[in-house]
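Please open the model in your viewer and keep the selection tool at hand. The tour goes from one stop to the next, and at each stop there is something to select and something to look for.

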Amino acid sequence: MNRFNRPGLKKRILDSMNFSVIFFVVIIAIFLMGISFIASTSSKDQKQILTEAVNKDVIHCYAVEGYYPPSLAYIEEHYGLTYDKSKYLVDYVPIGDNIMPTVTIVEIRGE
């Protein structure tokens with residue numbers, strides 16, 4: 001019998017290759033789940049940052065001009081508010097010059 005032709009050597013090589021492939025697939029799956037989690041967290045953070053930016057600009061306008069902005073376009077023009085309009089819908093409802101407007105931000109779901 002040849003020392004390179006021991007019984008079970010081929011089986012051990014195939015088993016180690018199967019283990020490597022399975023290990024690689026598991027690592028890739030964990031990596032993809034991590035990316036998905038980070039993307040979800042990032043989206044929530046973006047919405048929170050947009051909410052804070054709109055509220056800050058509304059309050060800043062009231063402090064500087066003495067009245068709340070009449071529209072969202074006014075905030076965009078005079079206070080430099082920018083956001084991704086294809087991703088978020090900002091519902092700005094002014095109630096009066098001296099009553100803080102209602103601001104609702106809704107994330108538009110993509111395909």
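Begin by selecting Phe31, which counts as exposed because its relative accessibility is 52%, where exposed means over 50% relative accessible area, buried means under 20%, and partly exposed lies in between, with a 1.4 Å probe and protein chains only. Phe31 has its place in helix H1; helices here are DSSP runs of H or I with at least four residues, strands are runs of E with at least two, and both are numbered from the N terminus.

Before you go further, note that this is a predicted model, in which local features need pLDDT of at least 70 and side-chain atom pairs count only at pLDDT 80 or more, while totals for chains, interfaces and linings use all residues. Residues are numbered from 1 along each chain as its sequence is written, and side-chain values use heavy atoms, with hydrogens and water left out.

Now add Val21, Phe24, Val25, Ile28, Leu32 and Ile35 to Phe31, and you have a nonpolar surface patch of about 690 Å². Such a patch is made of residues with over 30% relative accessible area and no salt bridge, its nonpolar side chains (Val, Leu, Ile, Met, Phe, Trp, Tyr) being joined within 5 Å, whereas a patch of like charges is joined within 9 Å.

Next, show the whole chain, which has 2 helices and 2 strands and follows the pattern α-α-β-β when read along the sequence. Of its 111 residues, 17% are buried.

Where does the largest nonpolar core draw its residues from? The core has 15 residues, and those that touch the most other members are Leu50, Leu72, Ile75, Leu81 and Tyr83; helix H1 (9–65), helix H2 (72–79) and strand E1 (88–93) are the elements that give two or more residues to this core. A nonpolar core is a set of buried Ala, Val, Leu, Ile, Met, Phe, Trp, Tyr and Cys residues joined through side-chain atoms within 4.5 Å.

Stay with Ile75 and display what surrounds it: leaving out residues up to four places away in sequence, Ile75 touches Asp57, Val58, Pro69, Gly80, Leu81 and Tyr92, a contact being heavy atoms within 4.5 Å.

Then colour H2, where Leu72, Tyr74, Ile75 and Tyr79 are buried. They lie on the same side of H2, because they cover an arc of only 155° around the axis, the arc being that of the directions from the helix axis to the C-beta atoms. After H2 comes Gly80, whose phi is positive, near 75°.

Go back along the chain to Asp57, which is found in helix H1. Is Asp57 buried or exposed? Asp57 counts as buried, because its relative accessibility is 6%, and apart from its neighbours within four places in sequence it is in contact with Ile75, Tyr79 and Leu81.

The last stop is the salt bridges, of which the structure holds 2; a salt bridge is a side-chain nitrogen of Lys or Arg within 4 Å of a carboxyl oxygen of Asp or Glu. In one of them, Lys56 pairs with Asp57, and the closest N and O atoms are 3.5 Å apart; Lys56 is exposed, with a relative accessible area of 54%. Select Lys85 and Glu76 as well, since they form a salt bridge whose closest N and O atoms are 3.5 Å apart. Lys85 counts as exposed at 51% relative accessibility, while Glu76 is partly exposed, with a relative accessible area of 22%.

Note on methods: Areas by Shrake-Rupley, 256 points an atom, 1.4 Å probe, with all protein chains shown as cover.
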